[in-house]
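Good morning, colleagues. My topic today is salt bridges, and I ask you to keep the structure in view while I speak.

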Amino acid sequence: MGKPIFAIGEGYVCRVTIGLYGFGNAVYVQHPNGYTSVYCHLKGFHPVLRAAVSRYRRAHGERDVIDEYKNPSTPADIRLAPTEYPVAQGQLIAVSGNTGSSQAPHLHMEVHETRTWNMVDPLDVIPNLIKDTTPPMAHAFKAYPMTGEGVFNGTSQQQSFSFTAHHLSQPFTAWGKVGFGIWANDYMEESYNKYGVRKTELTVDGNIVFSSVVDHVPMRCNRMVNSWGDYPFFRYAGVWFLKSFIEPGNTLPILQADSNRGMVDFNQEKDYHLVYTLTDFFGNQAQYSFTVRGQQQMIPPSRQRHAPWVLHWDRMNYFQMPGVQLAVRPGLLPDDVEMTPTVIRHTQALSDAYRFSDVSYPLFDYAVLSIRLDKSVADTSRLCILGEGEREIDATYHDGWVTGKIRDLGMTYEIGYRKTLTYNR
């Protein structure tokens with residue numbers, strides 16, 4: 001907390017934000033090499049930037065008190081001209097803090113391509129500032145038998161196994177189609193932080209079935225990381241298993257796989273030798289391996305899905321129940337998913353509440369939700385859709401229905417009144 005933050009390169013401060021995107025207090029520095037660096041969760045700004053925030057607040061009729069930087073009453077998005085705050089590499093711009101969606105004091109830094117806003121690995125921009133001779137480390141692997149088409153160690157259930165050594169000698173068996181995932185981190189000797197692994201490669205009998213190189217993530221694909229990772233397990237256990245197979249709706253360009261999308265087909269009674277190779281930005285490398293015996297066995301059939309509740313990843317989906325309509329276009333889902341819709345009756349509220357999944361299920365982009373208004377209201381312009389925690393979702397009213405956009409099937413939605421004011425900045 002309160003450690004000095006310096007610009008990673010020459011350029012100028014183009015933007016300062018408060019209370020946006022979970023970043024708390026943040027500074028954006030645009031660089032002449034085509035990148036923009038972003039510094040988040042800051043405790044405070046350099047005095048020149050602090051003065052810019054004060055001018056902005058006064059211009060919008062807001063109080064300018066220091067306490068608002070921890071929990072600002074209204075967000076701020078301040079744009080600066082190139083001549084207002086030029087910076088040199090290593091110049092002080094702020095001090096570190098714990099503002100926004102932060103669990104502990106730290107600096108969250110991102111680097112983006114300025115033109116596309118695609119995210120890039122900061123090490124591509126600042127490799128000379130980092131020393132690293134420590135290879136990545138794998139903690140465990142996970143098996144994902146394909147429902148109705150595969151089993152692993154005698155069951156169709158997902159299972160995880162710790163890497164107690166670089167080669168696991170314990171016996172594993174499988175039959176049919178099985179995907180794998182790995183929980184691994186990269187480390188550096190001068191920091192206690194955990195980092196993502198730059199390159200992951202899975203081979204089976206010497207043939208590459210899956211590889212990932214995390215050098216950039218297009219903004220249009222940002223939420224697809226939730227599909228690459230085992231999101232349900234992360235919500236449960238707080239650790240990321242990254243899948244070594246690609247779901248059909250996931251188009252992250254950093255993922256590559258064979259014709260089976262990385263799924264391994266155990267169709268012969270023999271030993272299959274699986275090797276994970278983990279490589280960091282500086283070329284430090286580690287390998288982890290295990291052997292799976294192909295053993296013919298019964299594969300339990302998949303449970304029949306309730307067709308009206310199934311959303312398909314590759315087609316337009318329209319779902320409706322009394323009082324609610326949901327439209328999910330192609331490209332929002334990693335794979336077909338069966339919803340578990342729930343209606344919560346609210347006889348005294350503006351509408352009933354609706355949920356489409358028992359657990360959080362993030363979409364790649366926005367789906368369209370319409371809820372029927374059950375009460376007569378004097379001013380429909382104040383209506384919105386409320387998500388969990390009374391989070392307001394912009395919505396429009398037409399002919400008895402309130403329509404907005406949602407990005408998670410597992411939240412509960414209902415009609416409510418807008419409480420906060422919006423500004424065109």
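A search of the whole structure finds 16 salt bridges, a salt bridge being a side-chain nitrogen of Lys or Arg within 4 Å of a carboxyl oxygen of Asp or Glu. This is a predicted model, in which local features need pLDDT of at least 70, side-chain atom pairs count only at pLDDT 80 or more, and totals for chains, interfaces and linings use all residues. Residues are numbered from 1 along each chain as its sequence is written, and side-chain values use heavy atoms, with hydrogens and water left out.

Let me begin with K142 and D230, whose closest N and O atoms are 2.9 Å apart in their salt bridge. This pair links distant parts of the chain, 88 residues apart: K142 is in strand β11 (residues 137-152), and D230 is in the loop between α2 (225-228) and α3 (231-237). Helices (H or I, at least four residues) and strands (E, at least two) are DSSP runs, numbered from the N terminus. Both K142 and D230 are buried; buried means under 20% relative accessible area, exposed over 50%, and partly exposed in between, with a 1.4 Å probe and protein chains only.

Strand β11 also contains E149, and K177 lies in strand β13 (residues 167-185), so their pairing ties together parts that are 28 residues apart in sequence. The closest N and O atoms of this salt bridge are 3.6 Å apart. K177 is partly exposed, at 31% relative accessibility, and E149 is partly exposed at 36%.

A further salt bridge joins D374 to R372, with 3.4 Å between the closest N and O atoms. Finally, R15, D77 and R79 form one network through salt bridges that share partners.
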